[in-house]
Each structure stands twice: as structure tokens, then as C-alpha cells.
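Student: Please take me through one part of this model in detail. I would like a close look at a single strand and its surroundings, in one connected account.

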Amino acid sequence: MKNSKTGFIQISYAWLFAIIIGVIILFFAIYAATRLIKTEEAVTTAETGKEIDILLNPLETGFGEEKTTPLTIPVESRLNNRCNTFGNFGEQEISVSQKFKGKWTETGTGQISKNKYIFSNKSVEGKNFYLFSKPFEFPFKVSDLIFLTSSKDQYCFIDASEDIIKELSNLNQGNLFTENCPANSIKICFETQENCDIEVDEGDKTVEKNGELVYYETPALMYGAIFSDPDIYECQVSRLMKRLKELALIYNYKEAIISEADCPADVNLLVLIDSASSLQDSSNLINVKFAADDAEAENEGAYCRLW
């Protein structure tokens with residue numbers, strides 16, 4: 001009987017040891033699988049961001065005319081737009097978060113560019129997105145501006161000018177309306193009305209959104225102010241002025257070269273360079289516009305044009 005009890009105890013310890021080892025192995029297996037899934041999710045998210053960056057390249061170089069490009073992502077995604085003004089050109093970053101099993105996966109990786117200018121809200125969600133571009137000339141071409149929206153966000157342009165209506169009709173973008181607007185669409189009013197989400201004053205060249213007022217000086221910037229959060233807009237405008245300044249310096253150098261070759265351009269770009277460098281926010285755009293108009297008039301009348 002004593003030997004029997006000893007054997008029973010020994011068998012119990014053996015089983016207990018086996019169970020503990022099994023639990024440990026199972027824990028590490030589950031942990032490894034979870035880590036692998038998270039790694040694959042992060043890789044998938046990063047790959048999506050890279051694909052978006054590739055898609056933006058044709059938009060960056062310009063189509064020669066306004067054109068909409070659809071972007072479809074297989075899973076619910078959140079495109080995060082970040083902008084900073086550090087350095088000579090600032091930076092544009094688009095990162096992607098994707099929903100897996102009801103949770104958003106975050107990744108620290110994002111596509112950073114110094115020569116893209118994407119106007120959007122800070123975060124845009126959905127599976128289907130729209131991108132369209134429009135050149136920004138001030139007075140020479142500075143860059144192509146890219147406007148990013150989700151198909152979930154429907155925009156209703158109320159009392160827009162004939163030029164805007166024609167342009168939007170030619171775009172044929174599925175979430176932009178000038179008539180027969182969906183009930184829950186974002187209302188963009190070009191005349192004083194009630195219950196407007198965004199108000200555009202074409203006389204003062206201002207856009208009011210989220211209780212904040214920003215300024216524009218070209219149709220391209222007007223769209224930028226409509227489709228982006230105010231702080232994203234202000235950041236991109238600052239970056240564009242940095243780029244304008246650098247391009248103006250190049251054109252100024254070009255003028256010196258062709259003048260030595262007996263082909264004077266006689267275009268004063270120093271005022272344009274100074275006004276672009278002095279810009280504090282979009283309310284100063286009007287000063288840059290005056291300088292840009294003067295430079296354009298001088299260039300038009302020059303014997304040898306700079307652009």
C-alpha cells in the first residue's frame with residue numbers, strides 16, 4: 001500500500017511537470033504567432049504606404065490637365081497626413097494605419113517626400129480614395145498640388161462659379177457634386193448661407209473651415225484650403241513658398257547667365273524672393289502675389305524670357 005501511494009505521487013509529479021512544460025511551449029507558440037501576425041500586418045501597412053507613394057509619382061510630375069485618380073485599398077485604412085517646414089523644403093509624410101480584426105494597426109513607417117504637396121485632412125479613412133492634381137504657378141510653375149479625399153466624404157459645392165462647376169464636371173470625381181447633392185454631404189458655400197460646413201469668399205479670397213480662416217491666391221490653393229485641415233494647409237503653403245524662393249534663385253542665376261550672352265531678361269526677382277522668404281502664414285500670400293504679378297509682367301515683356 002505504501003509503495004502504491006509513492007508511485008501515485010511520482011506519477012502525479014510527472015504529469016504536473018509535463019503540463020507545465022506544455023503550457024510554456026504553448027505560450028511561446030502563441031506569442032511567436034502573435035508577433036508574426038503583427039509583423040505581417042506592419043509589413044502590409046508599410047507596403048500599402050509604398051504603393052501609395054508610387055501612385056503619387058505620376059501626379060507629382062503632372063498630367064498636363066486636371067485628372068482624378070482612384071485609389072482602392074483592400075482593407076479599411078486610415079491615411080495620415082503629416083507636414084513640417086524644417087529645412088529648405090520641409091517634408092511631406094503619408095503613413096497608413098489599417099484595421100485588422102476591428103483594431104487599427106499602427107506603424108512608425110511612413111513615406112516621406114520633400115517635393116510632394118498633399119492637401120487633405122490630417123486623417124482620411126476608407127477603402128476607396130480619390131486623388132487629383134492641379135498645377136500651382138506663382139508666377140512660374142512651382143509644383144503640382146495633390147488633393148486627397150475619401151469616397152466616404154461627399155462634397156457639395158453650392159453657388160460655385162461657372163468655371164468651378166465646369167472644372168468639377170470635367171473631373172467627374174465620384175464624391176464631388178454641384179447639384180443633386182446627397183443629404184449628408186459636406187456643404188461648401190460660395191455665397192453667404194446658413195448651415196455651411198465650409199465658406200469660400202472669392203472676393204477676399206478666404207476659406208473658413210473648422211472655425212479657422214485661411215487665405216488663398218490661386219484656384220489650386222482654394223481647393224487646397226477646402227480639402228485640407230487649416231494647419232495642414234498653412235504648412236503646405238509655407239513649404240510651397242520655400243520652393244518658390246529656391247526656384248526664383250535659380251531663375252535669378254539664369255538671368256545673370258543669359259544677360260552675359262547679350263540676351264537680357266530684365267526681370268527683378270529679388271522682391272519675389274524676399275516676399276516668399278518673409279511669409280508668416282497664408283494672410284501674407286497677397287504680398288507674394290503682387291511680387292509674382294510684377295515678375296510675370298516683366299518676363300512677358302523681356303527680350304529673352306526666363307520661363
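Tutor: A residue counts as buried when its relative accessible area is under 20%, as exposed when over 50%, and as partly exposed in between. The model is predicted. With that cut-off in hand, take strand β11, which spans 198-201.

Start with isoleucine 198. This residue lies in β11. Its relative accessible area is 2%, so isoleucine 198 is buried. Now look along the chain. Cysteine 156 is 42 residues away from isoleucine 198 in sequence. The C-alpha atoms of the two are separated by 10.0 Å.

Next, the sheet around the strand. It is an open sheet of six strands, with mixed pairing. The order is β9-β8-β10-β11-β12-β13. At the edges stand β9 (176-177) and β13 (212-215). Each of these two has a single partner strand, so one side of each lacks a neighbour in the sheet. In the strand order, β11 sits between β10 and β12.

Follow the contact with β12. The pairing of β11 and β12 is antiparallel and runs over four bridges. Glutamate 199 stands opposite glutamate 208 of β12. Aspartate 201 has threonine 206, also in β12, as its bridge partner. In a regular strand, side chains alternate between the two faces of the sheet.

Now the turn. The hairpin of β11 and β12 has four residues between its strands. Lysine 205 in this hairpin takes a positive phi near 55°. Glutamate 202 is placed in the loop between β11 and β12 (206-209). Its relative accessibility is 36%, so glutamate 202 counts as partly exposed.

Glutamate 202 also belongs to a surface patch of negative charge. Asp201 is in that patch too, along with Asp204. The other members are Asp159, Glu162, Asp163 and Glu191. Aspartate 201 therefore has two roles in this picture: a bridge partner of threonine 206, and a member of the negative patch.

Go one strand further. β12 and β13 pair in the antiparallel sense, again over four bridges. Valine 207 has valine 214 in β13 as its bridge partner. These strands form a hairpin with two residues between them. Asparagine 210, in the turn, has a positive phi of about 55°. Beyond lies the open side of β13, left without a neighbour in the sheet because β13 has a single partner strand.

Conventions
Residues numbered from 1 in each chain as written. Predicted model: local features only at pLDDT ≥ 70, side-chain atom pairs only at ≥ 80, totals over all residues. Heavy atoms only, no water. Patch = residues over 30% accessible without salt bridge, like charges linked within 9 Å, V, L, I, M, F, W, Y side chains within 5 Å. Areas by Shrake-Rupley, 256 points an atom, 1.4 Å probe, with all protein chains shown as cover. Salt bridge = Lys/Arg side-chain N within 4 Å of Asp/Glu carboxyl O. Lys, Arg positive; Asp, Glu negative; His and termini not counted. Charge placed at Lys NZ, Arg CZ, Asp CG, Glu CD. Buried < 20%, exposed > 50% of the residue type's maximum accessible area, 1.4 Å probe, protein only.
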